Amino acid sequence: MQIYSLSSVLFTLIGAVFAGLSFLLTDFVEYLFAVSLLFMLGGVLAGYKAILYKEAGKMKFVGIALFFLILFVIVLAAPFHIVRMLIWIRNWPIIEEFILRMTEAE
């Protein structure tokens, strides 16, 4: 098994654990959910890198499939958490400043 294939599955599973923790705690924790999405995105990128390098085995596809399966379950179980996360990211001061500068340039 190659390093990118294993990293893909590992990052996706770590992301799934963080996503589960964010839902299991009494209040929805945006930071845990954001970290989980970052880990799962890292797993997908590692899986695509494994495909690009033509690593042997089918483990590279497992990480990518897990990513889409976990996101599908999250969207079915709590679709507004994704919207909540996007609004939370949109309201970061850095993002607001970036959007303000983009609209001023036009």
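**How the labels in this model are earned**

Author: Let's start with Tyr31, which lies in helix α2. Please keep in mind that this is a predicted model.

Reader: Happy to. Why is Tyr31 called exposed?

Author: Its relative accessibility is 61%, and the label exposed is given over 50%, so Tyr31 qualifies.

Reader: How far apart are the C-alpha atoms of Tyr31 and Trp88?

Author: They are separated by 9.9 Å, although the two residues are 57 places apart along the chain.

Reader: Let's go to helix α1, where Ser22 is found. What makes Ser22 count as buried?

Author: Buried means under 20% relative accessible area. Ser22 has 1%, so the label fits.

Reader: Which backbone atom does the side chain of Ser22 reach?

Author: The backbone oxygen of Ala19, at 2.8 Å. The limit for a polar contact is 3.5 Å, so that distance falls within it. Leaving aside residues up to four places away in sequence, Ser22 also touches Asp27, Phe28, Val29, Leu32 and Phe33.

Reader: Now helix α3, please. How do you know that its length agrees with what a helix should span?

Author: α3 runs over residues 59-77, which is 19 residues. The expected span is 1.5 Å times one less than the number of residues, and that gives 27 Å. The end C-alpha atoms of α3 are 27 Å apart, so the two values agree.

Reader: Which residues of α3 are buried?

Author: They are Lys60, Gly63, Ile64, Phe67, Ile70 and Ile74.

Reader: And what puts these buried residues on the same side of α3?

Author: Seen around the axis, they cover an arc of only 125°, which is why they are assigned to one side. On the other side of α3, Leu76 and Ala77 are exposed. The buried residues pack against α1 (3-24), α2 (30-52) and α4 (79-90). As for Ile74, its contacts beyond four places in sequence are Ala19, Phe23, Phe33, Pro79 and Ile82.

Reader: Which residues form the largest nonpolar core?

Author: There are ten: Ala19, Phe28, Phe33, Ala34, Met40, Val44, Phe67, Ile70, Ile74 and Met85. The elements giving two or more residues to this core are α2 and α3, and α2 gives the most, with four.

Reader: How do you know that Phe67 is buried, and why is Phe68 called partly exposed?

Author: For Phe67 the relative accessible area is 11%, so this residue is buried, the cut-off being under 20%. Phe68 has 47%, which lies between the limits of 20% and 50%, so partly exposed is the right term.

Reader: How many aromatic pairs does the structure hold?

Author: Five. In one of them, the rings of Phe67 and Phe68 have their centres 5.1 Å apart and their planes at 70°.

Reader: Why is that pair called edge-to-face?

Author: Rings pair if their centres lie within 6.5 Å, and planes over 60 degrees apart count as edge-to-face. With 5.1 Å and 70°, Phe67 and Phe68 meet both conditions, so the name follows. Elsewhere, Phe11, Phe18 and Phe39 form one aromatic cluster.

Reader: One last stop, the loop between α2 and α3, where Lys54 has its place. What is the value of phi for Lys54?

Author: Phi is near 55°, a positive value in a residue other than glycine. Most residues other than glycine have a negative phi.

Reader: And what makes Lys54 exposed?

Author: Its relative accessible area is 71%; the term applies over 50%, so Lys54 is exposed.

Key. Residues are numbered from 1 along each chain as its sequence is written. This is a predicted model: local features need pLDDT of at least 70, side-chain atom pairs count only at pLDDT 80 or more; totals for chains, interfaces and linings use all residues. Side-chain values use heavy atoms; hydrogens and water are left out. Rings of Phe, Tyr and Trp (its six-membered ring) pair if their centres lie within 6.5 Å; planes under 30 degrees apart count as stacked, over 60 as edge-to-face and the rest as tilted. Buried means under 20% relative accessible area, exposed over 50%, partly exposed in between (1.4 Å probe, protein chains only). The arc is that of the directions from the helix axis to the C-beta atoms. Contact means heavy atoms within 4.5 Å. A nonpolar core is a set of buried Ala, Val, Leu, Ile, Met, Phe, Trp, Tyr and Cys residues joined through side-chain atoms within 4.5 Å. A polar contact is a pair of N or O atoms within 3.5 Å; within protein, one must be able to donate a hydrogen and the other to accept it, and residues adjacent in sequence count only if both atoms are side-chain atoms.
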